Amino acid sequence: MTTPPPIPEAAPTAGKIMLVGIGPGSEAHMTARARQAIEEADTVIGYVTYIKLVADLLEGKEIIRKSMTEELDRAVSALDAARQGKKVALISSGDAGVYGMAGPTYEVLFQAGWTPDDPVQVEIIPGASALNSCAARVGAPLTHDFCAISLSDLLTPWPTIARRLDAVAMADFVVALYNPKSGRRTRQIVEAQRLFLRHRRPDTPVAIVKSAYRRREQILFTTLDQMAEADIGMLSTVLIGNSNTFVRHGLMVTPRGYANKYDLEQGGETRDGEKRGRSLSTGLLGWLDTLQAEHAEGLDIDTLAARHRLPADYIRSTLLEPVTATAVESEENA
Ligand code: SAH
C-alpha cells in the first residue's frame, strides 16, 4: 500500500489589521467605514468599555477583551491573528492615532520584522477624537491654534509633560487635556493649573466634558483658578481657552480673528489699514516694516525681543533680511 501524496495546503489568505477609531462612543458619531471595518472583522480586540460600546456589531465574532495596561499585548494578539489569515479590528475610542493603539501597533509590527510589503495589511480608520467631540458639545473653543496634552505620566516623565504645559500656556494655545485625572493620578491637574496660572489670567474659561455623547455625559464650565476643584475623572477632557476665548449664553468660543480685520458691528467693513484677501497689517510683512522702523529709531535687539516677546536671535536674523515687496497673496478661506 502506498501512502497518498500529501494534500497541498491551501495558501493562507493574508490577514489584515484594522485600527478602528470608533469616535466618542455613540453609534451616530461613528463613521460608516469604522462600522464596516468592525462588521468585516473576524476578531475584535479592545478595552472592555469600547467593546461594550460596539456590542451590537459583534455577533458571531471572536472577541478579545484586554485591560488598559495590556496595550502591547493587544497589538501582539492582533498580529498573531492576522498571520493566521484573520481580519482583526483593534478598536480605540476617538481616533486610534490619538493616544490610541496605532503607535504601539506599528512599534510591535516593526519589532516583529513587519514591513508595508508584508502580506498582513494594516488600515487605520480615523474617528472623531475626544477634542472634536468635546469641543462640539461646548461651542467652538478650538477655532484657533490649539494642542492636546495628556497628563498621564504612566509612560511619559513628568518634566516632559510639565515643560509642554509651560510652553503652550506661554504661547497662548487653546489646550485639550487628555487623561486629566484618575483615582490614583490626582495631583497632575493641580500642577497643570499652577503652570498655566503663571502665564494665563485666573478667569480664563475652562470647560470640562465627561463622557461626551455617552450615557452619563456631563458638561461643566469653570475658570482656570477653579478648575482643579471640579469633578474631573478618567472619562473627562479639559478644554482651556486662550486669552481671547469667551463664554456667552453657555457657549465657549475662541475667535478666529475676524474682529482684528473687520468691524463686525459696522456690517463687516474692513478696518482702517486692512485689506480683504491680504495678510493683516500686523501679519508678517506689516510686522517686518514695524520692526525695521523701530530698529531705525534706535531700539536695540534685546529691547525689540522683549517688546515682541520673541527670541533675540530671531529678531536679529529677521532684521538682516531685506524686506521684500508686498507679496501677492489671497487666502480668504472658509
Ligand atoms: N483615542 C482617544 C483618546 C484616548 S485617551 C481619542 O482620540 O479621543 C483617553 C482620554 O480621552 C480620556 O482620559 C479622556 O480625556 C478622553 N476621552 C475619550 N473619550 C471621551 C469622551 N467621550 N468624552 C470626554 N473625554 C473623552
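**Entry 1: the ligand**

Before I start, a term: I call a pair of N or O atoms within 3.5 Å a polar contact. I also note that this is a predicted model.

I looked up the ligand first. What is 2.6 Å from a backbone N or O atom of Met234? I found an oxygen atom of the ligand there. Ser129 has a contact of this kind as well, but through its side chain: an N or O atom there is 2.6 Å from a ligand oxygen. Then I checked Ala212, where a polar backbone atom is 2.8 Å from a nitrogen atom of the ligand. How much of the ligand's accessible area does the protein cover? I get 95% of the 540 Å² that the ligand has on its own.

Which elements give two or more residues to the shell around the ligand? They are helix 5 and strand 11, which runs over 236–240. I count 20 residues around the ligand in total, and the closest are Val98, Ser129, Ala130, Met234 and Ser236. By type, the shell splits into eleven nonpolar, seven polar and two charged residues.

**Entry 2: helix 5**

Helix 5 came up in the shell, so to speak, and I went through its residues next. The helix covers residues 130–138, and I find Leu131, Ser133, Cys134, Ala135 and Val138 buried in it. Just past the end of helix 5, I noted that Gly139 has a positive phi of about 135°.

**Entry 3: the sheet**

I moved on to the sheet that holds strand 11. Five strands make up this open sheet, with mixed pairing, and I read their order as 7-8-11-9-10. Why is one side of strand 7 and of strand 10 left without a neighbour in the sheet? Strand 7 (146–150) and strand 10 (218–223) stand at the edges and have a single partner strand each, so one side of each stays unpaired. From one strand to the next, I get an average twist of 20°.

**Entry 4: strand 11**

Is strand 11 mostly covered or mostly open? I find it mostly covered, as five of its five residues are buried. Ser236, Val238 and Ile240 point one way, while Thr237 and Leu239 point the other way. I wrote down a general rule beside this: side chains in a regular strand alternate between the two faces of the sheet.

Then I checked the neighbours. Strand 9 (residues 205–210) pairs with strand 11 in the antiparallel sense, over five bridges. Here I see Ile208 bridged to Val238, and Lys210 opposite Ser236. That is the Ser236 I listed among the closest residues to the ligand. Strand 8 (residues 174–178) is antiparallel to strand 11 too, over three bridges. In that pairing, I find Val175 with Ile240 as its bridge partner.

**Entry 5: two loops**

Last, I looked at two loops. Ser26 sits in the one between strand 1 (16–21) and helix 1 (32–40). Why do I call Ser26 buried? The cut-off for buried is under 20% relative accessible area, and Ser26 has 16%. Its side chain makes a polar contact of 2.7 Å with the side chain of His29.

The other loop, between strand 9 and strand 10, holds Arg215. Is Arg215 buried or exposed? I have it as exposed, with a relative accessible area of 74%. I also checked Arg215 against Gly25: the two are 190 residues apart in sequence, and I get 9.2 Å between their C-alpha atoms in space.

How values were computed
Residues are numbered from 1 along each chain as its sequence is written. This is a predicted model: local features need pLDDT of at least 70, side-chain atom pairs count only at pLDDT 80 or more; totals for chains, interfaces and linings use all residues. Side-chain values use heavy atoms; hydrogens and water are left out. Buried means under 20% relative accessible area, exposed over 50%, partly exposed in between (1.4 Å probe, protein chains only). Helices (H or I, at least four residues) and strands (E, at least two) are DSSP runs, numbered from the N terminus. A residue is near a molecule or strand if one of its heavy atoms lies within 4 Å of it. A polar contact is a pair of N or O atoms within 3.5 Å; within protein, one must be able to donate a hydrogen and the other to accept it, and residues adjacent in sequence count only if both atoms are side-chain atoms. Accessible areas come from the Shrake-Rupley method with a 1.4 Å probe; for residues, only the protein chains shown count as cover. Ala, Val, Leu, Ile, Met, Phe, Trp, Tyr, Cys and Pro count as nonpolar, Asp, Glu, Lys and Arg as charged, and the others, Gly among them, as polar. Two strands pair if DSSP finds at least two bridges between them. Axes are lines fitted to C-alpha atoms, for helices over the stretch in contact, and angles run from 0 to 180 degrees between N-to-C directions.
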